[in-house]
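Q: Could you take a close look at one part of this model, beginning with a single residue and working outwards from there? Please state the cut-offs behind each term as it comes up.

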Amino acid sequence: MLLKDKVAVITGGAGLNGLGFATARQMAAQGAKVVVLDLERADPAGAAARLGEGHLGLVADVTDKASCERAAAEVMARFGRIDVLLNNAGITQPVKTLEITGADYDRVLDVSLRGTLYMSQAVLPAMQAGQGGSIICISSVSAQRGGGIFGGPHYSAAKAGVLGLARAMAREFGPQGIRVNCITPGLIETDITQGKLTPERKREIAETIPLNRLGAASDVAGACVFLASDLSAYCTGITLDVNGGMLIH
Ligand code: NAD
């Protein structure tokens with residue numbers, strides 16, 4: 001097992017069709033104790049219970065620093081260590097540049113970018129104490145190609161910010177054995193598009209992708225397990241594309 005007895009914290013992990021929960025399942029199958037963090041309405045305790053015995057679900061809003069710190073303290077009280085953090089919580093919005101309001105900007109950037117900073121800050125002292133760790137940040141192909149398929153420019157900016165933040169943290173914490181890496185998913189079939197992509201549009205998109213299909217949540221989960229485990233022991237500051245060839249660069 002690749003993650004035996006590791007403690008893995010996953011933000012935005014309660015959506016049963018999402019990348020976070022798919023990763024929670026794969027990490028649990030690899031022997032990790034998984035902590036699912038999410039907003040109250042997403043029922044993180046219910047999601048954790050579906051993983052089997054010994055996992056934990058906590059309500060935590062990644063845009064709220066105190067909430068992140070509370071969650072990290074609860075994880076330490078329960079498990080005594082934090083080995084892996086998956087910064088996965090994110091929201092999007094399909095609008096164009098001239099339509100983005102200040103409130104839209106704040107909402108979208110706060111969850112992906114501020115949330116990645118706050119949650120990393122919350123777990124880093126535990127990783128420093130444990131002399132190592134792996135932080136994985138979910139960015140997006142939209143950060144790399146100036147828009148993905150669905151999210152607006154503020155979403156691209158948030159996800160590009162995540163790349164910069166993660167690379168800088170990789171440089172800062174590498175000497176302490178803490179690795180920080182990003183994943184840039186292409187279009188993955190989850191609830192994030194809220195049913196706004198028709199089956200016909202999805203077929204059209206799939207035809208433009210070299211692997212001829214949209215991604216599945218499990219495709220991203222496998223990459224997360226790799227980056228969480230010692231299989232990637234010499235990888236830090238990298239950006240791992242999981243996009244079916246949608247962007248080859
Ligand atoms: P999802 O909507 O299923 O998951 C997002 C989760 O984040 C939800 O469970 C939601 O409750 C949670 N969340 C939202 N605001 C939060 C907050 N303030 N605090 C804590 N949790 C919060 O969608 P998904 O597709 O699984 O998205 C997961 C990540 O992958 C996101 O960062 C998204 O931007 C990114 N991503 C998705 C795709 C895709 O095509 N699905 C592509 C590239 C990147």
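## A loop residue and its surroundings

A: Not counting residues up to four places away in sequence, leucine 197 touches Phe150, Leu187, Lys202 and Ile205, where contact means heavy atoms within 4.5 Å. The model is a predicted one, in which local features need pLDDT of at least 70 and side-chain atom pairs count only at pLDDT 80 or more, whereas totals for chains, interfaces and linings use all residues. Residues are numbered from 1 along each chain as its sequence is written, and side-chain values use heavy atoms, with hydrogens and water left out.

Leucine 197 sits in the loop between β6 and α7 (199-207); helices (H or I, at least four residues) and strands (E, at least two) are DSSP runs, numbered from the N terminus. With a relative accessible area of 12%, leucine 197 is buried, the classes being buried under 20% relative accessible area, exposed over 50% and partly exposed in between (1.4 Å probe, protein chains only). Its C-alpha atom is separated by 30 Å from that of methionine 27, a residue 170 places away along the chain. Lysine 196 belongs to the loop between β6 and α7 as well, and, leaving aside neighbours within four places in sequence, lysine 196 is in contact with Pro94 and Phe150. From lysine 196 to leucine 19 the C-alpha separation is 18 Å, across 177 residues of sequence.

Leucine 19 leads to the ligand, which is surrounded by 27 residues, the closest being Leu19, Asp38, Asn88, Tyr155 and Thr190; a residue is counted here if one of its heavy atoms lies within 4 Å of the ligand. A polar side-chain atom of tyrosine 155 is 2.6 Å from an oxygen atom of the ligand, a nitrogen atom of the ligand lies 3.0 Å from a polar backbone atom of valine 62, and glycine 186 places a polar backbone atom 3.4 Å from an oxygen atom of the ligand. On its own the ligand has 820 Å² of accessible area, and the protein covers 91% of it, with accessible areas taken from the Shrake-Rupley method with a 1.4 Å probe and, for residues, only the protein chains shown counting as cover.

Asparagine 88, one of the closest residues to the ligand, is located in the loop between β4 and α4 (102-129) and counts as buried at 11% relative accessibility. A polar atom of its side chain lies 3.0 Å from the backbone oxygen of glycine 12; a polar contact is a pair of N or O atoms within 3.5 Å, and within protein one must be able to donate a hydrogen and the other to accept it, while residues adjacent in sequence count only if both atoms are side-chain atoms. Beyond four places in sequence, asparagine 88 is in contact with Thr11, Gly12, Gly13, Leu19, Gly20 and Ile138.

Tyr155 recurs among the contacts of serine 140, which, leaving aside neighbours within four places in sequence, also include Lys159, Ile183, Thr184 and Pro185. Serine 140 lies in the loop between β5 and α5 (141-145) and is buried, with a relative accessible area of 7%, and a polar atom of its side chain is 2.9 Å from the backbone nitrogen of serine 142.

Glycine 186 has its C-alpha atom 7.2 Å from that of glycine 244, although their positions lie 58 residues apart along the chain. Glycine 244 is in the segment after β7 and is partly exposed, with a relative accessible area of 25%.

Leucine 19 also belongs to the buried set of α1, together with Gly20, Phe21, Ala22, Thr23, Ala24, Met27 and Ala28. Eight of the eleven residues of α1 are buried, so this helix is largely enclosed by the rest of the structure. Just after α1, glycine 31 takes a positive phi of about 95°.

Helix α1 (19-29) is in turn part of what covers the buried residues of α8, along with elements including β4 (84-87), β5 (133-138), β6 (178-185) and β7 (239-242). Those buried residues are Ala217, Val220, Ala221, Ala223, Cys224, Val225, Leu227 and Ala228. The end C-alpha atoms of α8 (residues 217-228) are 16 Å apart, which agrees with the 16 Å that its twelve residues should span at 1.5 Å a residue, the expected span being 1.5 Å times one less than the number of residues.

Asp38 closes the picture through strand β2 (residues 33-38), which is largely enclosed by the rest of the structure because five of its six residues are buried. Strand β1 (residues 7-11) runs parallel to β2 and is joined to it by five bridges, two strands being paired if DSSP finds at least two bridges between them. Among these bridges, alanine 8 has valine 34 of β2 as its partner.
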